[in-house]
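Reader: Please show me the model and explain the terms you apply to it. I would like each label set against its criterion.

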Amino acid sequence: LFEAQSRFIAAHLRRELASREEREAWVAERRKAVGERTQDWHLLGDDTWDNIREMVRMSGMSGDEYDEFDRRLTIVRQIYRDRVSKRPTLPWGDDWFRDCEYSVDWARGTWNVALPLAAPGRGGPTALHAAISCP
């Protein structure tokens, strides 16, 4: 998200990406989405990934460069979802998921996760998550 925001801001400083009316319309839409809870303006939920793609496109990235960025972001999203699936339901639950070690083969679009000894149902010292290929 930070990379996308940085690209967007840099592009905006080079040239105006949106008119004042477009920016105000965005603010009105966001205000409608969060209601009175202005502290939630930064929470994007599942919209985060589309928001990142939109900011990067608006910053001027396109073609092969954008395709590579999108491919990398898809892998990051998969890893993020895997990590989220491992966290406990309650905040005081076991936090073994924090000790997972992820490795990525960016060229192949695959990743693995080595589970820590504390992971539930760990199948031994070489238990690894199955490699998942990027779509």
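Reader: What makes you say that α1 and α3 meet, and which residues are involved?

Author: In this predicted model, A4, Q5, R7 and F8 of α1 meet I52, M55, V56 and M58 of α3. The criterion is heavy atoms within 4.5 Å.

Reader: Why are α1 and α3 called roughly parallel?

Author: Helix α1, residues 2-14, packs against α3 at an angle of about 30°, and the axes are 8 Å apart. Angles under 35 degrees count as roughly parallel, so α1 and α3 earn that label. Their crossing is left-handed.

Reader: What makes A4, W49 and I52 members of a nonpolar core?

Author: Such a core is a set of buried residues of listed types, joined through side-chain atoms within 4.5 Å, and buried means under 20% relative accessible area. The largest core here has 9 residues: A4, W49, I52, M55, V56, M61, Y66, F69 and L73. Helices α3 (48-58) and α4 (63-86) each supply at least two of them, and the largest share, 4 residues, comes from α3. Apart from this core lies another of 8 residues, including I79, F97, V113 and A119.

Reader: Which residues does M61 contact, leaving aside its neighbours within four places in sequence?

Author: M61 is in contact with R7, V56, Y66 and F69.

Reader: How do you know that β1 and β2 pair?

Author: Pairing requires at least two bridges. Strands β1 (residues 101-105) and β2 (residues 110-114) have 5, in the antiparallel sense, so they count as paired. E101 has A114 in β2 as its bridge partner. The two strands form a hairpin with 4 residues between them, and G109 in the turn has a positive phi of about 75°.

How values were computed
Residues numbered from 1 in each chain as written. Predicted model: local features only at pLDDT ≥ 70, side-chain atom pairs only at ≥ 80, totals over all residues. Heavy atoms only, no water. Buried < 20%, exposed > 50% of the residue type's maximum accessible area, 1.4 Å probe, protein only. Axes fitted to C-alpha atoms, helices over the stretch in contact; angles between N-to-C directions. Parallel < 35°, antiparallel > 145°, perpendicular 65-115°, else oblique. Left-handed = near helix turned anticlockwise from the far one by under 90°.
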